[in-house]
Amino acid sequence: MPDIKSSPARTVLADSNSKKSCLYVIFPGALLLFVVFFFTSSIYSQSYREKLSSFKNGVGQNVHTYDKCRKQCRPSGSEALPQGIVSSTSSLELRPLWMSKNGHHFQLNVKVKPSTSLFAMAVGIKQKDLVDKMVKKFLASNFTVTLFHYDGNVDEWKKFKWNDDVVHISVVDQGKWWFAKRFLHPDIVAEYDYIFLWDEDLGVENFHPEKYVSIVKEEGLEISQPALDPTKSEVHHQITARGRRSKVHRRTFKTVIDGKGCDGSSTAPPCTGWIEMMAPVFSRAAWRCVWYMIQNDLIHAWGLDMQLGYCSQGDRTKNVGVVDAEYIVHYNRPTLGGTDDKTTVKNVSDSSQEKDHRVDVRRLSYKELDIFKKRWVKAVKEDKCWVDPFQ
């Protein structure tokens with residue numbers, strides 16, 4: 001019986017010991033799991049923070065790169081190309097089709113250095129004697145030379161030794177301003193410091209291209225022309241006549257008649273800030289402005305000369321001038337539809353005789369002058385943001 005009474009106590013004691021031993025077994029395991037979980041969480045949390053930080057930095061860097069790229073000034077149409085491959089300008093330099101075995105250009109007349117100035121001229125075969133002299137002078141001074149053939153005659157120039165050293169562009173019955181608008185885009189001639197855009201009826205016996213460029217650089221002339229020899233030239237405007245005592249002049253003095261004249265206080269063309277359009281010379285910056293002002297449909301460009309000062313990159317009374325030290329002769333030969341035959345009669349029935357269209361050319365020139373003036377007035381009126389610096 002005692003054994004029966006003591007049985008529950010022993011059972012309770014056994015259960016208590018069993019629970020304690022179970023706790024001793026579970027606690028270390030749980031503690032181990034907790035430690036593992038704690039370290040795993042710490043590592044994961046640190047890794048997450050690093051990844052998050054890296055992601056934020058990446059996003060920030062990408063945004064910065066995007067903003068930087070967006071602000072880049074790329075030529076329109078080149079956005080699909082890597083910037084380093086973009087060639088945004090060109091030139092009229094001639095290039096050979098092959099090279100010699102030693103790696104040099106296989107070309108008879110190899111230029112020692114690239115041209116820094118361009119000479120362009122609209123020509124007809126009738127003026128070949130004057131054109132020949134001008135081309136020789138400018139090529140000898142390492143200019144790039146471009147001839148615009150308005151009479152369509154290109155083959156007869158092949159007899160000149162320099163024929164293959166110049167660029168020939170032929171379109172029948174077009175003037176030099178038509179050619180200039182279409183073939184002398186500022187990006188095409190951006191490699192040149194100066195652009196000479198001359199008529200064909202000029203004498204250059206006393207003109208030296210390199211010396212001329214040196215003078216305009218020294219004087220800071222953005223737009224200029226060589227003076228005319230008054231004893232041999234047909235002078236239309238007094239400001240273009242050569243002054244024997246000066247290297248450069250920027251204004252003319254004319255007696256006041258009916259309230260009109262030129263003196264030291266004059267600030268507008270044709271007294272100052274003005275050149276004629278027969279032999280203009282433009283700096284690269286000035287030409288970029290002038291090119292935009294040339295109208296697509298007004299081929300004679302009458303009226304353009306009065307507004308050239310707006311492209312002088314500043315004060316036209318200082319940056320536009322006539323160079324006396326290097327002068328030319330203006331022969332005023334009939335071109336652009338003219339004929340040397342003074343006996344030619346208008347409206348002749350004989351098809352073998354050439355009709356003189358100079359009257360027609362002049363009539364259109366005056367008409368274009370009126371159109372250009374009206375366009376300028378209209379443009380000024382409509383552009384509310386434009387301020388006239390010479391008003």
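**Exercise 1.** Does F196 count as buried or exposed, and at what relative accessibility?

*Solution.* The model is predicted. Step one is to take the relative accessibility of F196, which is 0%. Step two is to apply the cut-off: buried means under 20%. F196 therefore counts as buried.

**Exercise 2.** Classify the aromatic pair of F138 and F207, and state what parts of the chain the pair ties together.

*Solution.* Start with the whole structure, where a search finds 27 aromatic pairs. One of them is F138 with F207, at 6.0 Å centre to centre and with 35 degrees between the planes. Planes under 30 degrees apart count as stacked and over 60 as edge-to-face, with the rest tilted. The F138 and F207 pair is tilted. Next, place the two residues: F138 lies in helix 2 (residues 128-140), and F207 lies in the loop between strand 5 (202-203) and helix 4 (209-219), so the pair ties together parts that are 69 residues apart in sequence. Finally, check burial. F138 has 0% relative accessibility and so counts as buried. F207, at 0% relative accessibility, also counts as buried.

**Exercise 3.** Repeat the analysis for F143 and F196, then name the aromatic cluster that holds these residues.

*Solution.* The ring centres of F143 and F196 are 5.2 Å apart, with 80 degrees between the planes, and the pair is edge-to-face. F143 sits in the loop between helix 2 and strand 2 (144-149), while F196 belongs to strand 4 (residues 194-198); the pair links distant parts of the chain, 53 residues apart. F143 has 3% relative accessibility and so counts as buried. The cluster consists of F119, F138, F143, F196, W198, F207 and Y212.

**Exercise 4.** Which arginines lie over the faces of F390 and Y331, and at what distances from the ring centres?

*Solution.* Take F390 to begin with: R316 lies over its face, 4.0 Å from the ring centre. For Y331, the residue over the face is R333, at 5.8 Å from the ring centre.

**Exercise 5.** Describe the largest pocket by volume, lining, class of lining residue and contributing helices.

*Solution.* The volume of the largest pocket is about 1200 Å³. Its lining comprises 38 residues, and E276, M277, H300, W302 and R362 lie nearest the centre. Sorted by class, the lining has 18 nonpolar, 10 polar and 10 charged residues. Helix 3 (176-183), helix 6 (304-307) and helix 8 (358-382) each supply at least two lining residues. Helix 8 gives the most, with 9 residues.

Notes:
Residues numbered from 1 in each chain as written. Predicted model: local features only at pLDDT ≥ 70, side-chain atom pairs only at ≥ 80, totals over all residues. Heavy atoms only, no water. 1 Å grid on protein atoms, 1.4 Å probe; cavity = no way out; pocket = protein on both sides within 12 Å on 5 of 7 lines; lining within 4 Å. Points joined across faces, edges and corners; volume = space filled by probe spheres on them. Helix = DSSP H or I, 4+ residues; strand = E, 2+ residues; numbered from the N terminus. Nonpolar A, V, L, I, M, F, W, Y, C, P; charged D, E, K, R; others polar. Phe/Tyr/Trp six-rings, centres within 6.5 Å; stacked < 30°, edge-to-face > 60°. Buried < 20%, exposed > 50% of the residue type's maximum accessible area, 1.4 Å probe, protein only. Lys NZ or Arg CZ within 6 Å of the ring centre and 35° of its normal.
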